[in-house]
Amino acid sequence: GPELKVLDFAAAADDHAQFTISMPKSWNEGTVTFQPYWTVTGTNTGTVVWGMSAVACADNATQNVTFGSIAVTAAKAHSGTSNDINVSAESAALTIKNAAVDTLTYFQIFNDTSASGQTGVVRLTGIKLLYTTDAVNDA
């Protein structure tokens, strides 16, 4: 089977993880949404709420910046079967702070433990990032 590459998020703390991408030129620089894929190694059926924020940095600009506002997903209960994959609903709209063409975008995701009811370690296995384009390609 697949070798699982995961990021573990404790049940009692808002642990954060970051990833960085350069958005395609065809992106319209508007809001994005995300959909997390995750699991729990136990059988607890508690809910998980994911939050994410983002900031973009342009060429020759400082990277010492703060993240923008947080968008969250709806609460989703774990299936109760250890290591079952869970797919959360698409998040609310996420505004990328300083969004512009040819920038590097930093994303920060976390398990919002104040809104979650999961008592086990939550394991993030992947993220789908959804965005709108205004061009047919990046030429």
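This is a short talk about one protein model, from the overall fold down to a few single residues.

First, the ground rules. This is a predicted model, in which local features need pLDDT of at least 70, side-chain atom pairs count only at pLDDT 80 or more, and totals for chains, interfaces and linings use all residues. Residues are numbered from 1 along each chain as its sequence is written, and side-chain values use heavy atoms, with hydrogens and water left out.

Let me start with the fold. The protein has 10 strands and 0 helices. Those terms refer to DSSP runs numbered from the N terminus, with helices being H or I of at least four residues and strands being E of at least two. Read from the N terminus, the order is β-β-β-β-β-β-β-β-β-β.

Now the overall dimensions. The radius of gyration is 16 Å, which agrees with the value near 14 Å for a compact globule of 139 residues. That radius is taken over C-alpha atoms, and the globule rule is 2.2 Å times the number of residues to the power 0.38. Along the principal axes, the C-alpha atoms fill a box of roughly 45 × 30 × 25 Å.

Next, contacts, meaning heavy atoms within 4.5 Å. Of the contacts in the protein with a separation of 6 or more, 83% are between residues 24 or more positions apart.

On to the surface. The protein exposes about 7,200 Å², and carbon and sulfur atoms supply 50% of that area. Accessible areas come from the Shrake-Rupley method with a 1.4 Å probe, and for residues only the protein chains shown count as cover. Of the 139 residues, 35% count as buried. Buried means under 20% relative accessible area, exposed means over 50%, and partly exposed is in between, with a 1.4 Å probe and protein chains only.

A word on charge. There are 6 positive and 12 negative charges, and their mean positions are 4 Å apart. Lys and Arg count as positive, Asp and Glu as negative, while His and the chain ends are not counted. Each charge is placed at NZ of Lys, CZ of Arg, CG of Asp or CD of Glu.

Which residues have the most contacts inside the largest nonpolar core? They are Phe9, Trp50, Leu94, Ile96, Ile109 and Val122, in a core of 20 residues. Strands E3 (33-40), E5 (50-57), E9 (104-111) and E10 (122-130) each give two or more residues to this core. E5 gives the most, with 4 residues. By a nonpolar core I mean a set of buried Ala, Val, Leu, Ile, Met, Phe, Trp, Tyr and Cys residues joined through side-chain atoms within 4.5 Å.

Take Leu94 from that list. Leaving aside neighbours within four places in sequence, Leu94 is in contact with Thr31, Val32, Met52, Ser53, Ala54, Ser69, Ala71 and Phe107. Ala93 is in the loop between E8 and E9. With the same sequence neighbours left out, up to four places away, Ala93 touches Thr31, Val32, Thr33 and Ala71. Ala93 and Pro36 are 57 residues apart in sequence, and their C-alpha atoms are 14 Å apart.

Gly68 lies in the loop between E5 and strand E6 (71-72). Is Gly68 buried or exposed? Gly68 counts as buried, at 18% relative accessibility. Beyond four places in sequence, Gly68 touches Ser53, Ala54 and Lys97. The C-alpha atoms of Gly68 and Asn98 are 8.6 Å apart, with their positions 30 residues apart in sequence.

Asn86 sits in strand E8. Asn86 is buried, with a relative accessible area of 2%. Not counting residues up to four places away, Asn86 touches Pro36, Tyr37, Trp38, Thr39, Lys76, Ala77, His78 and Ser79. From Asn86 to Asp138 the C-alpha distance is 33 Å.

Asp138 comes up again with Pro24. Pro24 lies in the loop between strand E2 (16-21) and E3. Pro24 touches Tyr131 and Asp138, residues up to four places away not being counted. The C-alpha atoms of Pro24 and Asn137 are 8.6 Å apart, although the two are 113 residues apart along the chain.

Last, backbone angles. Most residues other than glycine have a negative phi. Glu29 has a positive phi, near 65°. Glu29 is in the loop between E2 and E3, and is partly exposed at 35% relative accessible area. Asn83 also has a positive phi, of about 70°. Asn83 is in the loop between strand E7 (76-77) and strand E8 (86-87), and is partly exposed at 41%.
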